[in-house]
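Let's take a friendly walk through this protein together, one region at a time. Have the viewer ready and follow along.

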Amino acid sequence: MVSDSRAFIDAAEAAFRDDVYQLRCEPTLERGLLAMRDDPPRLFCVDLNIGLTMGGFAALMRDPQFEADTSLLAIATPMQFHLVGAGVPIGDVIVPPFDPDELRLRAERILGSAGEAPETGLLRRGELAIDQDRYTVRLGGEVVDLTYKEYELLRFLALNPGKAFTREMLLNQVWGYDYYGGSRTVDVHVRRIRAKVEQHEPYIETVRNVGYRFVEMNPPL
């Protein structure tokens, strides 16, 4: 990331604080391009408020430090949209103010469309991170102690954000069709999961007269 904004840098550090991505922040475009020479990134995020003009932005896109597989994410206000109009080969534009979740989502969408899938096994929502490769859950970087069924229930809901499931559907998906326990089993597990991960924000919503769903993050405009 190239930016001298403390707010933007803080958001980036919060968005990419796990060990899946490596983040490097530089305050000037010159230092950012030098950093690219040392270690070509998969994604280059540039804050247009560092003083880029239309000619300067075009020159940046032609810079030989940009490898063929380096994508670009621009931080731009509506007044700067003319710099990133049609024909400019960038991956996406994010408008400030933005939170870490939106920055992470846009970065992952760019990397995914470029054929990069560094986080296929990691589900994130706010401070919650579900690592499907390691079968672990972290909240704010701290490991959460879940039973296997609690983990599987949370993971299944997180894989389907915004979609409501009845208790019977959850029993079938998580416990299996041959499970003969009652639907109260789901309620008990949801209550235990909430007690362990919802200290700061809700992740599982109760859908009245239906069942449960994972909170859907508001999509960026």
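A good place to begin is a pair of helices. The axes of helix H5 (residues 148-159) and helix H7 (residues 184-197) come within 10 Å of each other, crossing at roughly 85 degrees. With that angle, H5 is roughly perpendicular to H7. On the H5 side, the residues that take part are Lys 149, Glu 150, Leu 153 and Leu 154, and they meet Val 186, His 189, Val 190, Arg 192, Ile 193 and Lys 196 of H7. Sorted by character, the residues of this contact divide into five nonpolar, one polar and four charged.

Before going further, please keep in mind that this is a predicted model. Its secondary structure comes to seven helices and ten strands. Of the 221 residues in the protein, 43% are buried. Among contacts with a separation of 6 or more, 56% are between residues 24 or more positions apart.

Helix H2 (residues 29-38) is our next stop. Which of its residues are buried? They are Leu 29, Gly 32, Leu 33, Ala 35 and Met 36. These five cover an arc of only 155 degrees around the axis, and therefore sit on the same side of H2. The spacing fits a familiar rule: an α-helix has 3.6 residues a turn, so residues three or four places apart point the same way. Turn to the other side of H2 and you will find Glu 30, Arg 37 and Asp 38, which are exposed.

Just before H2 comes a residue that links back to this helix. Arg 24 is found in the loop between helix H1 (6-15) and H2. Is Arg 24 buried, partly exposed or exposed? Its relative accessibility is 45%, so Arg 24 counts as partly exposed. Setting aside neighbours within four places in sequence, Arg 24 is in contact with Met 1, Ala 35 and Asp 38. Of these partners, Ala 35 is among the buried residues of H2, while Asp 38 is one of the exposed residues on the other side. Looking towards H1, the C-alpha atoms of Arg 24 and Ile 9 are separated by 9.6 Å, with their positions 15 residues apart along the chain.

Now for some loops. Gln 80 lies in the loop between strand S2 (71-75) and strand S3 (92-94). Despite that loop setting, Gln 80 has a relative accessible area of 12% and is therefore buried, the cut-off being under 20%. Beyond its neighbours within four places in sequence, Gln 80 is in contact with Leu 48, Asn 49 and Ile 75.

Further along, Pro 97 has its place in the loop between S3 and helix H4 (100-113). The peptide bond that joins Pro 96 and Pro 97 is cis, with omega about 0 degrees.

Another backbone detail waits at Asn 209, in the loop between strand S9 (204-207) and strand S10 (211-214). Phi of Asn 209 is near 65 degrees, a positive value in a residue other than glycine. Asn 209 counts as exposed, because its relative accessibility is 79%.

Let's finish with the aromatic rings. How many aromatic pairs does a search of the whole structure find? The search finds four. In one of them, the rings of Phe 156 and Phe 165 have centres 4.8 Å apart and planes at 55 degrees, so this pair is tilted. Phe 156 and Phe 165 are both buried.

Notes: Residues are numbered from 1 along each chain as its sequence is written. This is a predicted model: local features need pLDDT of at least 70, side-chain atom pairs count only at pLDDT 80 or more; totals for chains, interfaces and linings use all residues. Side-chain values use heavy atoms; hydrogens and water are left out. Buried means under 20% relative accessible area, exposed over 50%, partly exposed in between (1.4 Å probe, protein chains only). Helices (H or I, at least four residues) and strands (E, at least two) are DSSP runs, numbered from the N terminus. The arc is that of the directions from the helix axis to the C-beta atoms. Axes are lines fitted to C-alpha atoms, for helices over the stretch in contact, and angles run from 0 to 180 degrees between N-to-C directions. Angles under 35 degrees count as roughly parallel, over 145 as roughly antiparallel, 65 to 115 as roughly perpendicular and the rest as oblique. Contact means heavy atoms within 4.5 Å. Ala, Val, Leu, Ile, Met, Phe, Trp, Tyr, Cys and Pro count as nonpolar, Asp, Glu, Lys and Arg as charged, and the others, Gly among them, as polar. Rings of Phe, Tyr and Trp (its six-membered ring) pair if their centres lie within 6.5 Å; planes under 30 degrees apart count as stacked, over 60 as edge-to-face and the rest as tilted.
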